[in-house]
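Colleague: I am new to this structure and would like a close look at a single part, the largest pocket, together with whatever helps me to place that pocket among the other hollows and the charged contacts of the chain.

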Amino acid sequence: MENIEGLLIDLDGTLYHGRHMILGADVLIAGLRKAGIPFLFVTNNSSRTPESVADHLRGMGIEAKADEVCTSSLAAARYISEETPGATVAILGEEGLYQACTDAGLNIVTESPQYVVQGIDRSFTYDSLAKAAGWIMGGAISVLTNPDLMLPSDVGVMPGAGTIGAAIEAASGVAPIVIGKPYGHLMAYATSLLNIDPRNAIVVGDNMKTDIAAGARAGCRTVLVLTGITTEDNLEHYKVVTGVTPDYICADLTELMTLIGL
């Protein structure tokens, strides 16, 4: 593999499963540092701050810094601030989204927002739904951090940001602007942070429907690792569903390190 300017690396299913590191993840990150290859940890997770994500990685033995973390909340806040600097936003979300919007210079309000930005919100209520739908029908722009319908938790699979977003879309009749994977905004934001050409960025992930599809949409090269959602058994199915074929396929992180010359 030539002309590698940076790697955009997925987290859950690629570097770890829940609280357990996938074999070789620590060696991969250490190898990238030693080789001087820039990288970012890129996640659809909108609830955590970059500091929290980095803490989670370090807790498993993977060296990580907050400024190496790129979340869908950060990308959503950047998108809004570039479209409308200093915009007023109503937030349906958690700590990561609030911090990202504040840091981007957006003004958080509870009435008459210019934007409604929504991520995972475990305190979501009927009243939240009614207010969000009313603001959007009144002209506020709807922004969804990520379309994940379900997400893993310690007690099993739970409804994700996309499920809440579907309710708001149904109630308002307006489709949101979607930032996270499989859409290209998150990857475009990540490549801009590294200041690299998307064509020389390598997206690494385990999920054909999110990671690989998003990389392809953003014009990046893609490496599928068979360590999570996509396996040898379902790969052909996902190729048909997504209409995307990974540029490279690696059985595990050891094969990935060989591919990029670590």
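Modeller: I will begin with the pocket you asked about, go on to the other hollows, and end with the salt bridges.

Before that, a word on how to read the values: this is a predicted model, in which local features need pLDDT of at least 70 and side-chain atom pairs count only at pLDDT 80 or more, while totals for chains, interfaces and linings use all residues. Residues are numbered from 1 along each chain as its sequence is written, and side-chain values use heavy atoms, with hydrogens and water left out.

The largest pocket (an open set of points on a 1 Å grid over the protein atoms alone, with protein on both sides within 12 Å along at least five of seven lines) has a volume of about 1400 Å³, a volume being the space filled by probe spheres set on points that are joined across faces, edges and corners. Its lining, meaning residues with an atom within 4 Å of a point, is made of 43 residues, and those nearest the centre are Asp12, Asp148, Met150, Leu151 and Pro152. Several elements give two or more residues to this lining, namely the strands β2 (16-17), β10 (150-153) and β11 (156-159) and the helices α2 (50-59), α6 and α8 (208-217); helices (H or I, at least four residues) and strands (E, at least two) are DSSP runs, numbered from the N terminus. The largest share, four residues, comes from β10. Sorted by class, the lining of this pocket has 16 nonpolar, 15 polar and 12 charged residues, where Ala, Val, Leu, Ile, Met, Phe, Trp, Tyr, Cys and Pro count as nonpolar, Asp, Glu, Lys and Arg as charged, and the others, Gly among them, as polar.

For comparison, the second largest pocket has a volume of about 220 Å³. It is lined by 17 residues, and Ile91, Leu92, Ser128, Lys131 and Trp135 are the closest to its centre. The strand β6 (88-92) and the helix α5 (126-137) each supply at least two residues of this second lining, and α5 gives the most, with five residues. By class, the lining of the second largest pocket divides into nine nonpolar, five polar and three charged residues.

Helix α6, already named for the largest pocket, leads us to a closed space as well. The structure holds one cavity of 30 Å³ or more, a cavity being a set of grid points where a 1.4 Å probe fits but cannot get out, and about 40 Å³ of space lies in it. The strand β9 (141-144) and the helix α6 (161-172) each supply at least two residues of the cavity lining, and α6 gives the most, with four residues. Among the lining residues of the cavity are Gln118, Ile136, Ser142, Leu144 and Pro176. Five residues of this lining are nonpolar, four are polar and one is charged.

Turning to charged contacts, the structure holds 10 salt bridges, each a side-chain nitrogen of Lys or Arg within 4 Å of a carboxyl oxygen of Asp or Glu. In one of them, the side chains of aspartate 10 and lysine 181 meet at 3.0 Å, N to O. This pair links distant parts of the chain, 171 residues apart, with aspartate 10 in the loop between β1 (6-9) and β2 and lysine 181 in the loop between β12 (177-178) and α7 (185-194). Aspartate 10 is buried, with a relative accessible area of 9%, and lysine 181 is likewise buried, at 3%; here buried means under 20% relative accessible area, exposed over 50%, and partly exposed in between, with a 1.4 Å probe and protein chains only.

Two further salt bridges lie within helices. Arginine 78 forms one with glutamate 82, the closest N and O atoms being 3.7 Å apart, and these residues are separated by about one helical turn because they stand four residues apart in helix α3 (residues 72-83). Arginine 78 is partly exposed, with a relative accessible area of 31%, whereas glutamate 82 is exposed, at 54%. The side chains of glutamate 236 and lysine 239 also meet in a salt bridge, at 3.3 Å, N to O, and both residues lie in helix α9 (residues 235-242), three residues apart, about one turn of the helix. Glutamate 236 counts as exposed at 51% relative accessibility, and lysine 239 counts as partly exposed at 21%. Finally, salt bridges that share partners join Asp10, Lys181 and Asp211 into one network.
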